[in-house]
Amino acid sequence: MCGCQEGAGDDIDALLETIEQSNGLTLQSEGCGASDNRPVLYVEHRNLNPETELKRYFGARAVLGDQRPRQRQRQFHRSTWMTIPKNTWPRFSRPGISMTLLESRDGLQYFTFEHSRDYQQIQFKFLDSVESMDPNNIVALLQMNPYHIDSLLQLSDVCRIQEDHEMARDLIERALYSFECAFHPVCSLTSGTSRLDYLRPENRAFYLAGYKHMMFLERRGCPRTALEYCRLILSLDPDSDPLCMLLLIDFLSLRSREYNFLLRLYQDWEVHRNLSQLPNFAFSVALSHFHLSQEDQTESEERERLKHKADLLLQDALIMFPGVLMPLLDLCTVQPDAAVSSHDFFGPRSQQTPALAELVSLYVGRTHTLWREGGVLLWLEECVREVLRRVDSKDPLVEDCQNKRKQRYQSAPLNIHRHVILSEIKEATSTLPLEVTTQSVMGFDPLPPLDSSEVYIHLDWIRTSTLCMRQILFPTIVYRQIISLIIHCITIPMGQKFTIH
């Protein structure tokens, strides 16, 4: 590949790397090394605070200055880890959210958030506000109920679209604070053993608030803190992975230079999760080996071993996912030479199924900045030439991978579509299928599971089926009394009697 025109790198990354080299610091934090005996999704409280990361780069004095420790207002009584309550926030009163321990088995604790009847009534008002398409109605609802979660999430999206990122981030932090104040006493953020079922509507907002907070942190130049939140969200339901955090965790690991953590996750999960069949892991694991081989403290023999491993992994990734190369070079503003651009393997023959194209577009759109470094591009060039040699020599792996691409990736599951929507990466969103792009997607609950459970499913059905009753048969006040009675019937404990007055 010639005519290399490296794009402007991320200024924040360049600054942080310079500071790291000059101060002799390392971002390979405790608890992320391969020798750690703790669970791979173990979360450290201190790494949930972005100030911890910023102090590593700039020192405590640069981050805090001469300011005294922040004093919390008396209205905030509880110590929290995810967010620090601000004096500018409304006075906190419990909004009607609680957490219940459902069961404990096999060393895991299964929790769920629950909404009081009053909170469910507020939820109905929120849905009315969303249908009105007027953000002012959500603002009015929040003035009366300043810690209503879905209103905070929805209004945060509105502020972000209007480029008021400070307010958007503040609203998400307020939602997380409200959630954390409702935590069950035995719920642990750090152990990786607490579970939340995404099928329950009451739990989904916690996933989304954590995701949005994580993305704000990454954009602020705190990728290490964002990685900790990524691990936290993944630990809540690692088997189903409803927000598909496995499509993001490699990027955050590379951004924060947590190469050993990424390799440990890959080694631990490859057998039962087939991570190598995801384009992002196939390329990112190779890139991790390459970066480790370039570190000054690595012994020469170990450096050669890591570099050889990186070469093989990248070649295998290019053979398995040839559709990655040309879009990647395009976003890196690199013009491939004639031997590459004219070869069929990286041309029309690399056509892929729509499901695979969605994964490839997501990976390229998200991580292309990681490949812009000169050393990385030269390494990529070497591996591309070797891949073409293997293709021309009829390497059996080429045909094997081609068959796998035809047999697999027939359709993407719902959690991948949900992740692509949340990512807002234009290269990926343009590949979403029609059944996704033609339906209404709400920011407070994008693509809800088809098999959702519990009370809000019944409430949605009641709300929809009684619209004609509201509009034709009954005055508004009578309608709301009827709905309130039905909600009461649904939420009343089993076996408990009630009386209609």
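Let me start with the cavities, where the count comes to 5 with a volume of 30 Å³ or more; a cavity here is a set of points on a 1 Å grid over the protein atoms alone where a 1.4 Å probe fits but cannot get out, with grid points joined across faces, edges and corners, and with the volume taken as the space filled by probe spheres set on the points. This is a predicted model, in which local features need pLDDT of at least 70 and side-chain atom pairs count only at pLDDT 80 or more, while totals for chains, interfaces and linings use all residues. Residues are numbered from 1 along each chain as its sequence is written, and side-chain values use heavy atoms, with hydrogens and water left out.

The largest cavity has a volume of about 60 Å³, and its lining, meaning residues with an atom within 4 Å of a point, includes Met99, Phe111, Phe183, Cys187 and Phe206. Which strand gives the largest share of that lining? It is E3, with 3 residues, where strands are DSSP runs of E of at least two residues and helices are runs of H or I of at least four, numbered from the N terminus.

That leads to the sheet, which is open, has 3 strands in the order E1-E2-E3, and is mixed in its pairing, two strands being paired if DSSP finds at least two bridges between them. E1 and strand E3 (194-196) are the edge strands, each pairing on one side only, and neighbouring strands of this sheet are turned by 35° against each other on average, direction ignored. Helix H8 (residues 201-219) packs on the sheet and touches E2 and E3, its direction making about 105° with that of E2; contact means heavy atoms within 4.5 Å, and the axes are lines fitted to C-alpha atoms, for helices over the stretch in contact, with angles from 0 to 180 degrees between N-to-C directions.

Within the sheet, strand E1 (residues 97-105) runs antiparallel to strand E2 (residues 108-115), and 8 bridges join them. Met99, which also lines the largest cavity, has Phe113 as its bridge partner in E2, whereas Ser98 stands opposite Glu114. In the hairpin, 2 residues lie between the strands, and Asp106 takes a positive phi near 55°.

Finally, the protein as a whole has 24 helices and 3 strands, and of its 501 residues 53% count as buried, that is, under 20% relative accessible area with a 1.4 Å probe, protein chains only.

Notes. Buried means under 20% relative accessible area, exposed over 50%, partly exposed in between (1.4 Å probe, protein chains only). On a 1 Å grid over the protein atoms alone, a cavity is a set of points where a 1.4 Å probe fits but cannot get out, and a pocket is an open set with protein on both sides within 12 Å along at least five of seven lines; lining residues have an atom within 4 Å of a point.
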